[in-house]
Amino acid sequence: RRHSSALYKKAKEVMTGGVSRNTIFRRPHPFYVSKAKGSYVTDIDANTRVDFANNMASLIHGHANPHIIEAVTEQLHRGTAYTLGTKIEIDFGELLVERNHNFEKIRFVNSGTEAVMSMIKAARAYTGKGKIAKAEGAYHGTYDFAEISQIVKPENWGDIDHPNSIPVTFGTPDCVKNDVIIFPYNDIERTLNLLEENKNDLACVLIDPVSHRVGMFPIEEDYLVAIYNWTRKHKVLLVFDEVVTYRVTYSGAQELYPVKPDMTALGKIIGGGFPVGAIAGDAKIMSVFDPTRKIIKQPHSGTFSANPITMTAGKVAMELFDRQAVDDINNMTDIAKNQILAAAKEADVPLILTGAGSMFRFHFRHKAPRNYRETYQCPEERKLIVDFLDFLFLHEDIIMINTFACMFATTITQVEVDRLTESLFKGFIRYKKEIHSFVK
Ligand code: PMP
């Protein structure tokens, strides 16, 4: 660890806390990469680890995919961004629109945060109303409004009938939290009551069909249908955050439900490894962006929006992520989940795996959680999970997402799945006593 440790000392002199994204921070210091290929990442101290995080779920084909490298290299020689359009953005837009019949029009941006922000602003511009409703605990990026109640705990989450709107960032103005209605995920009655109370002021209901931070369980169909029907009745938009969940099927987790979101935010895998976001949905609603209109309700731009590098990489990545590839990665993930559950049983550790498609999250529980409050990790549980993940990273050379989740890539095979299962088994045995001490 010598080289990473030394580099971190230098990093601390340059960047706040030594990092530019808190995600990469870990004890005792962040680790620095020298190279990566497929599902393997080698750091500057020559440790090679198997990657089940894939840059927070964004690398659907793992690292350094040769087809993406070739296409991007060719584009690099022709320039990286212009104050003009490119054919590649149209071709890529067409590909995504053809994959999902709810996507009538699309616009590209550079991050999931930006996609969610632009989508919320479009909902407001279209409806002329200011409030939004979102689920307690759900992560939708760092736009002020989308960030409310992303992190709450028993001390501040409030009455379940009227969950508190809690800002993440200190200094967030009260007007922001007052304009965000928080509802409990998968709770029809309470959610509809809260929506009803605010029906005249709501621009949209923002929801993620398999919310990672709520607990990564698929949203219950009758719940989603109830919200959808309510929004139709009250002319409130239903907008989806599929920044992570687009990977679940060929056209997003929304394909699994009998509802039609008005708009969807995309990101992560559609960038082929480069920064990306997109807003896709109803043509009439998205006309708020239209520069040919007399009144442009939402002037939308962005210096690097639809840049040809991201568009090129994204198009290749999504072409490779065809129906067969989606089936294959989802099957490999199911194999992994079954093996891991069997290992937990053998180790006598209570484990529930939630998730959908090629993503899953671990919960040391006897019973599957259904909402954020049931998923909430008390401080001892959180400490144990951090220790567990450190054990996997430092002793077993396994990289996982710090919420205790795996996001597979198409490069993961039975070999990596077996490695993962064996390492987890060792971890289950090592931490068994601690796990049993807080699981009721
Ligand atoms: N929405 C969801 C559901 C996400 O998981 C994320 C990123 N983890 C975002 C939005 C924000 O995306 P980005 O980090 O690209 O801004």
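Start by selecting Asp161 and Arg190: their side chains meet in a salt bridge, 2.6 Å from N to O. Asp161 sits in the loop between β5 (131-135) and α6 (174-178), while Arg190 belongs to helix α7 (residues 188-197), so this pair ties together parts that are 29 residues apart in sequence. Keep in mind that you're looking at a predicted model.

Now switch on a surface. Asp161 comes out as partly exposed, with 38% relative accessibility, and Arg190 is partly exposed too, at 28%.

Next stop: helix α6. Pick Asp174 and Lys177, which lie three residues apart in this helix, about one turn. Their side chains form a salt bridge at 3.5 Å, N to O. Lys177 has a relative accessible area of 27%, so count this residue as partly exposed.

Then jump along the chain and select Arg370 with Glu220. Here the side chains meet in a salt bridge at 2.8 Å, N to O. The two residues are 150 apart and link distant parts of the chain: Arg370 is in the loop between β12 (359-363) and α12 (372-375), and Glu220 is in the loop between β7 (202-207) and α8 (221-234). Both ends show some surface: Arg370 is partly exposed at 38% relative accessibility, and Glu220 is partly exposed at 26%.

For the last selection, grab Arg26, Arg27, Lys383, Asp387 and Asp390 together. Salt bridges with shared partners join these five residues into one network.

Want to keep hunting? The structure holds 20 salt bridges.

Key
Residues are numbered from 1 along each chain as its sequence is written. This is a predicted model: local features need pLDDT of at least 70, side-chain atom pairs count only at pLDDT 80 or more; totals for chains, interfaces and linings use all residues. Side-chain values use heavy atoms; hydrogens and water are left out. A salt bridge is a side-chain nitrogen of Lys or Arg within 4 Å of a carboxyl oxygen of Asp or Glu. Helices (H or I, at least four residues) and strands (E, at least two) are DSSP runs, numbered from the N terminus. Buried means under 20% relative accessible area, exposed over 50%, partly exposed in between (1.4 Å probe, protein chains only).
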